[in-house]
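Reader: Could you take me closely through one part of this model, the site where the ligands are held, and keep the criteria explicit as you go?

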Amino acid sequence: MRVVSVDLLRVTLPLVHAFRTSSHGKSSLEHILVKLTDADGRESWGEIASPAAPYYSGETTDTCWLMAERYLAPILLGLDWEHAREVSAAFAKVRGNGFAKAGLDAAVWTLFASAQGIPLSAALGGSRAQVESGVSLGIEDSIDALLEQVSLQVDHGYNRVKLKIAPGWDVDPVREVREAFPEIDLQVDANGAYRSEPDHLRALVTLDDLGLQMIEQPFAPRALVAHAALQQRIETPICLDESIDTVDDLQTALRLDAGRIVNIKVSRMGGLTAAIAAHDLALAEGIPAWCGGMHEFGIGRAVNVAIASLPGFTLTSDVSGSDKYYARDVTTAPIVAVKGMVAVPTDAGLGFTVDQDWVGENTVRSARVR
Ligand code: OSB
Ligand code: MG
């Protein structure tokens, strides 16, 4: 197959509810949508879901635009491929830049699935008809405001809640949520905000007594030894997110016992081919995995739903319904969670139609590479 044009569209959407992590806050998002057209006139979509600023990873919307336009789109346009996985092999000569790669890679997989007339989930090796989803809740101004958010989402049918934590916003809010909602599956995510110093370690060890499913990414991405040392001290499994950019990172982390759960994000890992490889390794090693998210618009979210249908995603994923994030998403219909379950589409390709009028209304910049 051959892609003959790559359209890049920078699209902004406001969040329904502002979101704050240990590293940054946001009330609207700007993602880059990728539209591919092949030699037969077939079209497919992908999404580059990088945060605007370099506080989650080193990438930004601007670096992704540059990488996609100048390096990745030309590689794709020059390639004659038979299987979608060949594209990530061709992208490998560009170092890093996983978010930029992921948007193009996902569009290629979607094109590949539609050309075969099968759903994306089937092309990836998925088998589930629906995936279990939870919500990720940001840091709020007060514990009462947080309890209100948890209550809203539990009423919505979600049974797994992830709370963002940071030094100074950890034991107290988490304990109050635990006490108010004893039945829910609760987990926390620090986005690397802690260091191996006494105050920080004391808080992390205290969290060990609160019945959490996992503690996600307490330390900086490359601090695998610190994660391994903490894992020795606590029973709660550590889950790695930012530490795992490649399947080699996962191999290293498992060898060190730096974490016992992995958050597999298509966006962070540079696309579906790498995410499948991480999934296969986790499954072979008996490490529970789940699909993480980056507040993707409907296109990236549909891709996450598709990969979350693989058998190794044994824990609840961060693929909530569109309405948790956006008043109007870029797909028709929106993605819907009922009692925390999202149906895996059975139509060929992505399984959702892109609302091109709405995309057009919210596009702030576009470019075509051919
Ligand atoms: O660490 O998982 C994270 C959002 C922005 C940056 C980092 C993270 C997140 C999320 C969002 O937790 C999860 C979602 O898309 O629902
Ligand atoms: Mg995380």
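Author: A residue is near a molecule or strand if one of its heavy atoms lies within 4 Å of it. Of the 16 residues around ligand 1, those that come nearest are S136, N191, K265, H295 and Y325. This is a predicted model, in which local features need pLDDT of at least 70 and side-chain atom pairs count only at pLDDT 80 or more, while totals for chains, interfaces and linings use all residues. Side-chain values use heavy atoms, with hydrogens and water left out.

The magnesium ion (ligand 2) has as its protein donors D189 (OD), E216 (OE) and D241 (OD), which lie 2.1 to 2.2 Å from it; donors are N, O and S atoms within 2.8 Å of the metal (3.2 Å for Na, K and Ca), and since water is not among the atoms, sites may look incomplete. Along the chain these donors follow the spacing D-x26-E-x24-D. D189 in strand β7 (residues 185–189) and E216 in strand β8 (residues 215–216) are 27 residues apart, a pair that links distant parts of the chain; strands are DSSP runs (E, at least two residues), numbered from the N terminus. Both D189 and E216 are buried, that is, under 20% relative accessible area (1.4 Å probe, protein chains only).

Two of the metal donors also approach ligand 1: a polar side-chain atom of D189 lies 2.9 Å from one of its oxygen atoms, and a polar side-chain atom of D241 lies 3.1 Å from an oxygen atom of ligand 1. A polar backbone atom of M294 is 3.4 Å from an oxygen atom of ligand 1. The protein covers 100% of the 390 Å² of accessible area that ligand 1 has on its own, by the Shrake-Rupley method with a 1.4 Å probe.

Terms used: Residues numbered from 1 in each chain as written. Chains lettered and ligands numbered in written order. Helix = DSSP H or I, 4+ residues; strand = E, 2+ residues; numbered from the N terminus. Buried < 20%, exposed > 50% of the residue type's maximum accessible area, 1.4 Å probe, protein only. Polar contact = N/O pair within 3.5 Å; in protein donor to acceptor, adjacent residues only side chain to side chain.
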